[in-house]
Amino acid sequence: GTVYKGVLQDKRIVAIKKSKISDPKQIEPFINEVIVLSQINHRNVVKLLGCCLETEVPLLVYEFIPNGTVHDHLHGQNQTLKLTWKTRLRIAKETAGVLAYLHSTASTPIIHRDVKSTNILLDRNLTAKVSDFGASRIVPLDHSQITTLVQGTLGYLDPEYFHTSHLTEKSDVYSFGVVLAELLTGKQALSFNRPEEDRNLAVYFVSSMKEGWLHHILDTNIDEANIEQLKEVAHIAERCLRVNSDERPTMKEVAMELEGILVIEEHSWGSGNLSSEETDNLLRTVPSINGEDGVYGSGTNCSDSYSTNQMSMSTIGGR
């Protein structure tokens, strides 16, 4: 659908997603998003404030996230704000935390199914907010996979899922690996402006890592003073991008590893280099991945109370 910026009667600024056409096939993802988001309560997920599904063209109303997407900042024509490595690492940690929560902590496991840099929004503090759950799937508790029509975005799509139609949590892990590679290299997931063998970032990244060329593919905007840390994150990305899903880590493992790296680095940025004993002590303080607010339901209000005559809207781009 198309996303608009709107103002409610109480002056709150919101984002409104509007279905492009009154087609039942277009309405289904809207309903699915409401169902999924009603089971999620996490500070790094865009909040659904309300919905209107009874009109010919359905509307979803979200909190407004003002700083665009990670994709905008990495690949946009007008990159007014360069993301530092520390910010990129925090964005990766926050996004991994959301996916770990969806897979392991939500009331029922949820597979996002469309993890990509355009679905990671940034608020005014550059905090990550994961969005767009229209393609997400709730996994029955007695299942480890779902057989479904292949859906996702080229460049991020798990090759195993693409070939078998078997959707698992490890499909999100693969897509997250592509996002990590984007954060490290500054390159788009798929680009026909690159040589044919380098068009797919996942393939290019993995082959470069095997050749020991990390230094050559890093984004020039990244300070390479943290090269050992960059190597650690690159190794996580490489493991996420393994073709065999059984060889990929879980998102809970990835989130804990990134959290550990960030904790150590935030300490070192503030107080110089760490001794090995200090490093061990810090690693023991890394929190486990648990529910953010202790409850597993959001206050989503699905009614027609947010009708178009109660808000002013201006387009902020299509999705």
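This is a short tour of a predicted model, stop by stop, with something to select at each one.

**Stop 1: the strands at the start of the chain**

Begin by selecting residues 2-7, which are strand S1, together with residues 13-18, which are strand S2. The two strands pair in the antiparallel sense, and six bridges link them. Pick out Val7 and look across to S2: its bridge partner there is Ile13. Between S1 and S2 are five residues, and the whole unit forms a hairpin. Stop at Lys11 in the turn, where phi is positive at about 75°. That is worth a second look, because most residues other than glycine have a negative phi.

Now add residues 59-63, strand S4, to your selection. S4 runs antiparallel to S2, and five bridges join the two. To find one spot along this pairing, click on Lys17, which stands opposite Leu60 in S4.

Next, add residues 48-52, which make up strand S3. Is this strand mostly covered or mostly open? It is mostly covered, with four of its five residues buried. S3 is joined to S4 by four bridges, again in the antiparallel sense. Gly50 makes a handy marker here, as it stands opposite Val61 in S4. S3 and S4 also form a hairpin, this one with six residues between the strands.

**Stop 2: a nonpolar patch on the surface**

Switch on the surface and select Ile31, Ile35 and Leu53. Together they make a nonpolar surface patch of about 220 Å². Ile31 is found in helix H1, which spans residues 24-37. With a relative accessibility of 38%, Ile31 counts as partly exposed.

**Stop 3: into the core**

Hide the surface and go inside. Which residues of the largest nonpolar core touch the most other members? Select Ile40, Phe176, Leu184, Phe205 and Leu258: these are the ones, out of 71 residues in this core. The largest share, ten residues, comes from helix H3, which covers residues 85-104. Colour the model by domain and you can follow the core across both: at least three of its residues come from domain 1 (2-63), and at least three from domain 2 (68-267).

While H3 is in view, click on Tyr101, which sits in this helix. Its relative accessibility is 0%, so Tyr101 counts as buried. Then select Ala255 as well. Tyr101 and Ala255 are 154 residues apart in sequence, yet their C-alpha atoms are 9.6 Å apart in space.

**Stop 4: charged pairs**

Side chains of opposite charge can pair when their charged atoms come close. The structure holds ten salt bridges, and a few are worth a visit.

Start with Lys93 and Glu259, whose closest N and O atoms are 3.6 Å apart. Lys93 lies in H3 and Glu259 in helix H9 (residues 251-271), so this pair ties together parts that are 166 residues apart in sequence. Glu259 counts as buried, at 16% relative accessibility.

Stay with H9 and select Glu257, which forms a salt bridge with Arg239; here the closest N and O atoms are 3.0 Å apart. Arg239 belongs to helix H8 (residues 227-240), so the pair ties H9 to a part 18 residues away in sequence. Are both partners equally hidden? Glu257 is partly exposed, with a relative accessible area of 29%, while Arg239 is buried, at 15%. One more selection shows how salt bridges can share partners: Lys17, Glu33 and Asp132 are joined in this way into one network.**Stop 5: two loops with positive phi**

Finish with two loop residues. Arg113 is placed in the loop between strand S5 (110-111) and strand S6 (120-122). Although Arg113 is not a glycine, its phi is positive, at about 80°. Arg113 counts as buried, with 6% relative accessibility. In the sequence just after Arg113, select Asp114, which forms a salt bridge with Lys116 at 3.6 Å between the closest N and O atoms. Asp114 is buried at 13% relative accessibility, and Lys116 is buried at 16%.

The last click is Ser165, in the loop between helix H4 (159-164) and strand S10 (166-167). Ser165 is not a glycine either, and its phi is positive at about 65°. Its relative accessibility is 23%, so Ser165 counts as partly exposed.

Note on methods:
Residues numbered from 1 in each chain as written. Predicted model: local features only at pLDDT ≥ 70, side-chain atom pairs only at ≥ 80, totals over all residues. Heavy atoms only, no water. Pairing = 2+ DSSP bridges. Patch = residues over 30% accessible without salt bridge, like charges linked within 9 Å, V, L, I, M, F, W, Y side chains within 5 Å. Areas by Shrake-Rupley, 256 points an atom, 1.4 Å probe, with all protein chains shown as cover. Salt bridge = Lys/Arg side-chain N within 4 Å of Asp/Glu carboxyl O. Buried < 20%, exposed > 50% of the residue type's maximum accessible area, 1.4 Å probe, protein only. Core = buried A, V, L, I, M, F, W, Y, C linked by side-chain atoms within 4.5 Å. Domains from an automatic or database assignment.
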